[in-house]
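Student: I'd like a close look at one part of this model. Start there, then connect that part to the rest.

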2 protein chains.
Amino acid sequence: MGGRTRQQRTLPVIAEQAAGGGLLDRRMFLGSGLEIGGAALGAGALAAFVRPVWADSEAAGAMPPATPPWMLEPGKPFSNYGQPSSFENGVIRWISANPDVPGNGISWTPLHDLDGTITPNGLHFERHHNGWPEIDPAKHRLMIHGLVKRPLVFRVEDLLRYPMTSRLCFLECGGNSNAGWNPRPLQARVGYFHGLVSCSEWTGVALAILLDEAGIEPGARWLLAEGADAAAVSVTVPVSKALEDGFIALYQNGERIRPENGYPMRLLLPGFEGITHVKWLRRLKAVAAPMMTRDETAKYTELLPDGTARQFTFVMEAKSLITSPSPGMQLREAGLYEITGLAWSGRGRVARVEVSADGGASWAEAALQEPVLPACFTRFRIPWRWDGAPAVLMSRAVDETGYVQPARDVLVAKRGTQGYFHYNAIVSWGVSPEGDVGHVYA
Amino acid sequence: MGGRTRQQRTLPVIAEQAAGGGLLDRRMFLGSGLEIGGAALGAGALAAFVRPVWADSEAAGAMPPATPPWMLEPGKPFSNYGQPSSFENGVIRWISANPDVPGNGISWTPLHDLDGTITPNGLHFERHHNGWPEIDPAKHRLMIHGLVKRPLVFRVEDLLRYPMTSRLCFLECGGNSNAGWNPRPLQARVGYFHGLVSCSEWTGVALAILLDEAGIEPGARWLLAEGADAAAVSVTVPVSKALEDGFIALYQNGERIRPENGYPMRLLLPGFEGITHVKWLRRLKAVAAPMMTRDETAKYTELLPDGTARQFTFVMEAKSLITSPSPGMQLREAGLYEITGLAWSGRGRVARVEVSADGGASWAEAALQEPVLPACFTRFRIPWRWDGAPAVLMSRAVDETGYVQPARDVLVAKRGTQGYFHYNAIVSWGVSPEGDVGHVYA
């Protein structure tokens, strides 16, 4: 490497063993703009990271690589709206719908196939109670009524004229990861077990503005939110949350919201459980107390060991997951790997993520991808040298309130196993000597 | 509004006339978390913002709105990969391709239809020189060779094992906005004039790691980057930039890069002009000096008034655009509107955006949507009370280096009108008394 460029950027020394089981210093591979120090690595010092493909017989005989066939013919034309490569047609939402009621069920975001923090709109998870309605935006109305000085009805075009706000945030179903309550660990790809959570940039109109315009009455402490689907999904949410940072979302990742995510509009309450982000929102009724709708009583409440139920458990607590390596992947040989995953908290920013490669005996802090935003996916990464022996990988999120993601036995002791919702325990992956990755309770 | 909730969040007083022509204080509608002060507005004080739809005769007779037909039948089923609403099928990339060489041309991001900062993958602009190749990722290779101690060839699966980094950043064609050099103002939707720029979260492997592994020689100051399309697009870029923050991108907005954006991998050099982000990247050759390829000589150089040419003008300078209101939109009546748009700079963060509603006679500072990131779209917003008189709207970006987006006459005086590339002058929209918005040179 040239002296000039070496001065501009040097890679840090590998700090051996940030924790047991081969975890290395999180700063090992960090890019510029982050604190780095120490002497530059000599060429080849990192070569242990990947097997020496440069000596791969197929490739070595073609240096430069032989001209591939797709360079020998004109390429394909422009398109008005692009789609993924046909070679990626296995990267899909996995559908788990009720065979007797096809519109009732879920589809999962394939977290194991994704990287970064944004979920592309086509892969945002779905939870429908009676399918998704195909709404003509010219005929849709949003009403704000109940305990207000002036009931208001908005057309979509009216809301589009209002001032907007954008927010990158996660959206998680209260029932996500609930196979974690099972007595034995479910063996599934991580997205098809924990993928009822996605992350988008949502843009819309602050409820503070709309509620100010309607003039809500002093006694109005709750809002009934109703969707325009055939199930008329309805929940009551606190006015205080709506005023704090709630908004009516019209755009998702830049474009208008997709039909299965609430087109033409949905309620957005950052950090709250998914059911409260009512899709196809058609009315908000200001009321004095919760309405005890079906969707907040028969569902989305949690049976506790003493027979009582937790209810209105809106905030999604801190959680993290290792997305790679994860079940269904295989480590081809001992050597250097990057452990990466996602962390989030409905209470604010992720403060840190700790990773263990020895089943929780020791922990090392992972690097967090900037920017770290409140109620948003935060990507974490840490290098790991696998020695080929059995290993148990875990991650543990701590948020800015000091809340620590609990161990599974702690969560189960507190809430029993019949709660169904709000499972956020530490997740553990076992790695076999053959490099197979599976889900374990550790 | 209840006393309790009013304490939790109050809206700021409207500061009249932050600048001439009806521009109001940028904090007027800002959400929580931002500095707000003053007494709360009484209900109805904001009602001037939008026409009183609550009294709309169609809606007033249906309060709550009559049950729409889509609530009376089961909804549509889940999907493996979602698509936009059929009602949004006009939101497309506009294609301008060479009729004789259909793979040569561009397609434009419809900036006028979008909000927020992320561009959905299906709408990311395209610039192809000979169409896009359909690459089998199992057969694709990336070679690093030339002035290196050890040539390397990578399969896609090898790169996927490397440590990754994510970066939210814009990507802009050097030829974007070049109709601005025309003697008369082009009348077109803003995206179909300025939309060869998009913004994504890109994820991939830092070049600092790969070049360290290859061990580049002291004399290697440039990298030839070649794409695997039929045009074999090739440019040389500085090693210093590659080491600073360049990376091989494999993911775009969470999923693997789309074919038209370089599947299975492209070069990413944040803030540099689009041509350098070589798509379908198949080799990087370390060299001592620029290779003077066709794509950096016959194209992507700029003829100056004195007959010489600017070359290797990599950095995209600060720029901004008002996306709403913008040409093709109509203001239905005098009243309150939000002026919003996008600003970006290849040199770092946007420091501020100033907006004028009186053709540049006076300017007011717009609110910037957080987070403000380097070399990334930054959404700006400011409220505006239109009095129904003719108005000229402009925006002006200033970046953290102090660079100020130039007026058109200043830019033309400096660079002439034959440069074709790197047009970043202030853009002006004229509003007629009828509320029509058009492009003007002001």
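**Helix H8 of chain B and its surroundings**

Tutor: Start with the outward side. B:Asp409, B:Ala413 and B:Lys414 are exposed, on the other side of H8(B) from its buried residues. Keep in mind that this is a predicted model.

Now turn the helix over. H8 of chain B runs over residues 408-415, and its buried residues are B:Arg408, B:Leu411 and B:Arg415. Why do these three line one face? Viewed down the axis of H8(B), the buried residues fall within an arc of 65 degrees, so they line one face of the helix. What does that face meet? The buried residues of H8(B) pack against two strands of chain B, E14 (302-303) and E15 (309-310). Next, look just past the helix. There B:Gly416 takes a positive phi of about 70 degrees.

Stay in chain B, but move to a loop. B:Arg161 sits between helix H3 (156-159) and strand E6 (165-172) of chain B. Is B:Arg161 buried or exposed? The relative accessible area of B:Arg161 is 10%, and buried means under 20%, so B:Arg161 counts as buried. Its side chain also reaches a partner in chain A. A polar atom of the B:Arg161 side chain lies 2.9 Å from the backbone oxygen of A:Leu336.

Follow that contact across. A:Leu336 belongs to strand E17 of chain A. A:Leu336 is buried too, with a relative accessible area of 2%. Now compare sequence and space. A:Leu336 and A:Phe170 are 166 residues apart along the chain, and their C-alpha atoms are separated by 31 Å.

Widen the view to the whole interface. Chain A brings 139 residues to the contact, and chain B brings 139 residues. The area buried between the two chains is about 12,500 Å². Carbon and sulfur atoms give 60% of that area. Charged pairs take part as well. The count between chain A and chain B is 10 salt bridges. One salt bridge joins the side chains of B:Glu88 and A:Arg256, at 3.6 Å from N to O. Polar contacts add to the picture: 40 residue pairs across the interface, with both residues at pLDDT 80 or more. Which element gives the largest share of the side of chain A that touches chain B? That is strand E2 (residues 101-108) of chain A, with six residues. By residue type, that side of chain A divides into 64 nonpolar, 35 polar and 40 charged.

Go back to strand E17 and step into the loop after it. A:Gly348 is found between strand E17 (335-344) and strand E18 (350-356) of chain A. This glycine is buried, at 6% relative accessibility. What does A:Gly348 touch? Leaving out residues up to four places away in sequence, A:Gly348 touches A:Leu373, A:Pro374, A:Ala375 and A:Glu400. A:Ser320 gives another reference point. A:Gly348 and A:Ser320 are 28 residues apart in sequence and 14 Å apart in space, C-alpha to C-alpha.

Finish with chain A as a whole. Chain A has seven helices and 24 strands. Of its 442 residues, 63% count as buried. Take the contacts in chain A between residues at least 6 apart in sequence: 71% of them join residues at least 24 apart.

Notes: Residues are numbered from 1 along each chain as its sequence is written. Chains are lettered from A and ligands numbered from 1 in the order in which they are written. Side-chain values use heavy atoms; hydrogens and water are left out. Contact means heavy atoms within 4.5 Å. Buried area is the accessible area (1.4 Å probe) that two parts lose on being put together, summed over both. A salt bridge is a side-chain nitrogen of Lys or Arg within 4 Å of a carboxyl oxygen of Asp or Glu. A polar contact is a pair of N or O atoms within 3.5 Å; within protein, one must be able to donate a hydrogen and the other to accept it, and residues adjacent in sequence count only if both atoms are side-chain atoms. Helices (H or I, at least four residues) and strands (E, at least two) are DSSP runs, numbered from the N terminus. Ala, Val, Leu, Ile, Met, Phe, Trp, Tyr, Cys and Pro count as nonpolar, Asp, Glu, Lys and Arg as charged, and the others, Gly among them, as polar. Buried means under 20% relative accessible area, exposed over 50%, partly exposed in between (1.4 Å probe, protein chains only). The arc is that of the directions from the helix axis to the C-beta atoms.
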